[in-house]
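Thanks for coming, everyone. I'll keep this short. Please bring the structure up on your screens.

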Amino acid sequence: MKPITRRQFLKLGGAAGLTVAAAGVLGGYRLWAQVEGTTPPFHSPFQEPPDRRWPFSAGEAPILLILNERADPSTGAYLAEILRTEGLNVFRAAPLSALREEVLARFSLVLLSAGPLDTSQGETLRRYVAEGGRLVAMRPPASLADLFGVEPAAGQTVDGYIRIDPTPAFGQGFPRERLQFHGTADHYRPAGAETLAWLSSKTGDLPFPAVAWHPFGRGQAGMWAFDLAWSVALTRQGDPLRADQERDGLRGVRAHERFAGWIDLDRIEIPQADEQMRLLSRMIARMLADRLPLPRLWYFPEGALGLLVATGDAHNMPPSAVEEVLGRVEARGGTFSVYYAPLLRNSLQRAWQRLLYTIERAGSHIVLPEHVRGWRARGHEFGLHPYVEEGLEMGWRRYWEVFTGMGYGPVPPTVRTHRVLWSGWVETARVQAALGIRMNLDFYHIGPTFRKADGEWAFGYFTGSGLPMRFVDAQGRVLDIFQQLTNVVDEHLIGWTIPEAPRLPIPEAVAIVRRLLADSRAGVWGAVGLQAHVDPFAIGGEPAARQAAWLEGILDAAVEHGIPIWSAERWLAFLEAREALRLEPIRWDPVGKRLSIGIRADRPPPASVWIGIPAEIPGGRLVQMAVDRLPVIWREWTWRGDPYAWVPFPGGAGVLQAQYG
């Protein structure tokens, strides 16, 4: 917009018929520099490739991830995302061209992403395992079947189920229900392998391993019959073929509409993708158990067993309504994300509005910059809630300009789109990542998609996950923006805007959320995403009373279960700090049974990250831990049946030492 002159501004004041002191008007003109608004910055939306550190020296990490770029799509980068989500920050990544004996020999375990191999590459892997290496491969070529103790069989299973076998030690502690996978699984028959999970239908097993383990020579080899990385992406992000399709009758295309018939509503309480990722990390830890005790990072801050990601949309609501929500959250020791949709005003209107409130101090019904600064100083997030009906980039540009022009900037790094409208398979995420947004909460549990054929409503994790992970596009490129599920939604549970919704009494709605929080504490380990609109508190009366009772019930349940109540922005800061935590070098003395781990936090976390090491190893048990030679007391709890010793690391740098007896 062309800048306004001082003469034009004075003329505007006269036209409005407002009598003010000259100093006040000229002060209002000086506000003009503050209301122009900024243009959103665009940059690459993609995460830095995981093999950026290749080539590297020996001994940097125990795990080598080989990225097979021959696959279509190439999913190695997303397999790295799975490792980071599972807290296994102890790997290096290299391209397929690095698959040479002298490189593999530097690592205790090789994780191979899906894709074709030539004969020489297959033989290199065979020799590596025979000489004592460990290998885990995603949907390997049939020519390597004997390496994994299986033999090829006719046929394939597409978009089926697996059942984790509880009999082998690998499968102890996992859900007994069959879990969905997406993609294609090759059929094999066991020929010496131990089957860790079977391919199955919803009701019965097939005679083909989904996951198998086999000793080979002096080493070990593990196989997934399907590409776990791509299955997790499809489970979390929905069916690509249903992108941009209206399927549930609610106005506008939304992300959750790709999940109708894609997610088994009878399994929705189980984070199915998470459990399969945990099986992979269990395999890796067990296959390395005789080489070193493998450290891992806990999912949540301060050793918590879950998290309530507390957010609420606000559509040009007054500050008094925002305070109604923030006061209740603060009373329970939490922080909150307000996603605010400002009234669209051009630069002239914004300048005049700011002038009126500056002169009259009549700011009771509009959010002012000083309100926003105060809320942020108290630890809350005040972010953008853009309308994108006119187009993704156009909507973002307009609302970004108004948000910053009203003095609310800078724009925070998390977002929920108005009406959770979604474009493409991940086009919305791509545009947001290009704008510097690093967490999206648009995957939103609402409407008839979540009603079973018998009329029962399903609640849980429709993306198959309670953990944030970055999006991946159809080419396998990882976008630098996390997907955080919003699975507890007021307009769905207590039904004040959506025609087809449960419309439950407040106690029943709270009980559903209470169960999700209790399940997380019991081993589901999920971040429950809350949508608690600010709007009812501006309406007042019965809507405000119902909203208050519902919100307070959920917050109290979180406190009772020891679940932290965090804003999305704070949660994002923790995730990024956890991911940047370096565990290197790792040194293991098998004779003296001593473990040493260097720790360095490249980013200060908003709360301590907990580091776990196995409490038991073959032939020994943990007897002492120290950080920088000072003894520490650890907490012991099991991770899917395996005992781990956990200690907090608040940041900085140090060395963790452990002695096994």
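Let's begin with helix H18. H18 gives the most to the lining of the largest cavity: 4 residues. Keep in mind that this is a predicted model.

How many cavities of 30 Å³ or more does the structure hold? There are 2. The largest has a volume of about 120 Å³.

Who lines the largest cavity? From helix H18, residues 568-580, and helix H4, residues 76-85, come at least two lining residues each. The full lining runs like this: Glu 81, Arg 84, Thr 85, Tyr 299, Leu 467, Pro 468, Phe 482, Trp 571, Leu 575, Arg 578 and Glu 579. By type, that lining splits into 6 nonpolar residues, 1 polar and 4 charged.

Now look at H4. Is this helix mostly covered or mostly open? Mostly covered, with 9 of its 10 residues buried. Among the buried ones are Glu 81, Arg 84 and Thr 85. Those three names also appear in the lining of the largest cavity. Gly 76, Tyr 78, Leu 79, Ala 80, Ile 82 and Leu 83 are buried in H4 too. A general point about helices: an α-helix has 3.6 residues a turn, so residues three or four places apart point the same way. Just past the end of H4, find Gly 87. Gly 87 takes a positive phi of about 80°.

Next, pick out Phe 482 from the cavity lining. Where does Phe 482 pair? Phe 482 is in strand E19, and there it is the bridge partner of Met 439. In E19, Phe 482 is also the bridge partner of Arg 470.

So much for one residue; here are the strands. E19 covers residues 478-483, and 5 of its 6 residues are buried. Strand E17, residues 439-440, runs parallel to E19, joined by 2 bridges. Strand E18, residues 469-472, runs antiparallel to E19, with 3 bridges. E18 and E19 make a hairpin, with 5 residues between them. In that turn, Gly 476 has a positive phi of about 85°.

Last stop: the second largest cavity. Its volume is about 30 Å³. Which residues line this second cavity? They are Arg 242, Ala 243, Asp 244, Gln 245, Val 253, Arg 254, Ala 255, Arg 258, Trp 422 and Gly 424. This lining divides into 4 nonpolar, 2 polar and 4 charged residues.

To recap: H18 and H4 each bring at least two residues to the lining of the largest cavity, and Phe 482 is part of that lining as well. Thank you. Over to the group.

How values were computed:
Residues numbered from 1 in each chain as written. Predicted model: local features only at pLDDT ≥ 70, side-chain atom pairs only at ≥ 80, totals over all residues. Heavy atoms only, no water. Buried < 20%, exposed > 50% of the residue type's maximum accessible area, 1.4 Å probe, protein only. Pairing = 2+ DSSP bridges. 1 Å grid on protein atoms, 1.4 Å probe; cavity = no way out; pocket = protein on both sides within 12 Å on 5 of 7 lines; lining within 4 Å. Points joined across faces, edges and corners; volume = space filled by probe spheres on them. Nonpolar A, V, L, I, M, F, W, Y, C, P; charged D, E, K, R; others polar.
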